[in-house]
Amino acid sequence: MDIQEGLSVLVGFSRKYGADAAYVLAGGGNTSFKTEEYLFVKGSGSALATIRPEQFVKMDRKALAAMWEKTYPADEKEREAAVLADMMDARARGEEAKRPSVETLLHDLLPQQFVLHVHPALVNGLTCSQDGEKLCAELFADAIWVPSTRPGYVLASYCREKVEAYKKANGKAPAVIFLENHGIFFGADGVGDRPGVAAAHP
C-alpha cells in the first residue's frame, strides 16, 4: 500500500470512529498509518472526526527506533523533556510546525500498518474494573493487559516489554493492547481485519 492510499484509509477510519460518541468523546483518541520508513500519526490539537491528511505528522521510524537505544534521565521532568525533544527531532523534514501525539512511540511499537487508539466507555468499564485484568484474560486471550503506570515514556517502555514478551511466547506480535484505567489500542493491516475484539477496530 502506497502512502497516498494509506493516508486515505487512515483519514476514513479516523473520521468514522472520531464522529461516533460510542468510541470517542471530547476529541480523545489517536490513529496512525506506517510504512517501513515513516509513521503518520495524528497531530496534537486535531479532531479525529474532521481530520485531514495534512494534520497527521510524518515521523522518521529509524529516529523513533533509535530512542530505545538511549538512556534517559531518572528524574521524571528531565526524562520527559529529553524524550519529547528526541520525538520532535524524529519529525520528517517539513513537519516542524506539527506536534505528534504523546503516544507516538506506542503507535510505532505495533507492527501493523494501521493503529487505532480510543477510550470507549464500554471498554473503560473493563479497564477501570477491579477485576479488569482477570476478565480481559478470560474474554480476550490474545490481548495484552498493561497495568496502570505513568504516561509518556514510562508507559511506552512498559508496553514495549509486554509486546516483546508476547512475541517471544506466541511467535507473532499482538494486535490488541488494553491499558488499565485508560483505553485500548488496536493494530490491523487493513480496514477489514479483525484483531480479536469485535467492535472499534480499523
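In which strand does aspartate 60 lie? Aspartate 60 belongs to strand β3, and the first close-up starts there. The model shown is predicted, so local features need pLDDT of at least 70 and side-chain atom pairs count only at pLDDT 80 or more, while totals for chains, interfaces and linings use all residues. Residues are numbered from 1 along each chain as its sequence is written, and side-chain values use heavy atoms, leaving out hydrogens and water.

**View 1. Aspartate 60 in strand β3.** Helices (H or I, at least four residues) and strands (E, at least two) are DSSP runs numbered from the N terminus. Is aspartate 60 buried or exposed? Neither quite fits: aspartate 60 counts as partly exposed because its relative accessibility is 29% (buried is under 20% relative accessible area, exposed over 50%, partly exposed in between, with a 1.4 Å probe and protein chains only). Setting aside neighbours within four places in sequence, you will find aspartate 60 in contact with Glu37, Tyr38, Ala90 and Ala92 (contact: heavy atoms within 4.5 Å). For a sense of scale, alanine 143 is 83 residues away from aspartate 60 in sequence and 28 Å away in space, C-alpha to C-alpha.

**View 2. The seven-stranded sheet and its edges.** Follow the strands across this open sheet and you meet them in the order β3-β2-β1-β4-β7-β6-β5, with mixed pairing (two strands pair if DSSP finds at least two bridges between them). Strands β3 (56-60) and β5 (144-146) stand at the edges with a single partner strand each, so one side of each has no neighbour in the sheet.

**View 3. From β1 through β2 to β3.** A hairpin of three connecting residues takes the chain from β1 to β2. Strand β1 (residues 30-34) runs antiparallel to β2 and is joined to it by three bridges; here phenylalanine 33 faces phenylalanine 40 of β2. On to the next pair: β2 (residues 38-42) is linked to β3 by five bridges, again antiparallel. Look for phenylalanine 40 opposite lysine 58 in β3, and for leucine 39 opposite methionine 59 in β3. Strand β2 is mostly covered, with four of its five residues buried.

**View 4. Strand β7 between β4 and β6.** Why is β7 described as largely enclosed by the rest of the structure? Because six of its six residues are buried. Gly183, Phe185 and Gly187 point one way from β7, while Ile184, Phe186 and Ala188 point the other way. This follows a familiar rule: in a regular strand the side chains alternate between the two faces of the sheet. Five bridges tie β4 to β7 in an antiparallel arrangement, and among the partners there, phenylalanine 114 is matched with alanine 188 of β7. Strand β6 is also antiparallel to β7, through four bridges, with leucine 179 standing opposite glycine 183 of β7.

**View 5. Asparagine 181 in the turn.** Three residues separate β6 from β7 in a hairpin, and asparagine 181 sits in that loop. Although it is not a glycine, asparagine 181 has a positive phi of about 60°. Most residues other than glycine have a negative phi. Asparagine 181 counts as partly exposed because its relative accessible area is 45%.

**View 6. Helix α7 and its cover.** Helix α7 (residues 153-170) has 18 residues and reaches 25 Å from its first C-alpha to its last, close to the expected 26 Å (1.5 Å times one less than the number of residues). Which residues of α7 are buried? They are Tyr153, Leu155, Ala156, Ser157, Cys159, Val163 and Tyr166, and their cover includes α3 (76-89), α4 (104-109), β5 and β6 (176-179). After α7 comes glycine 171, with a positive phi near 75°.

**View 7. Two nonpolar cores.** A nonpolar core is a set of buried Ala, Val, Leu, Ile, Met, Phe, Trp, Tyr and Cys residues joined through side-chain atoms within 4.5 Å. The largest has 25 residues, of which Leu10, Val176, Phe178 and Ile184 touch the most other members. Elements giving two or more residues to this core are α1 (3-18), β4 (114-118), α5 (121-127), β6 and β7 (183-188); α1 supplies the largest share, five residues. A second, separate core has 14 residues, including Val57, Met59, Trp68 and Tyr72.
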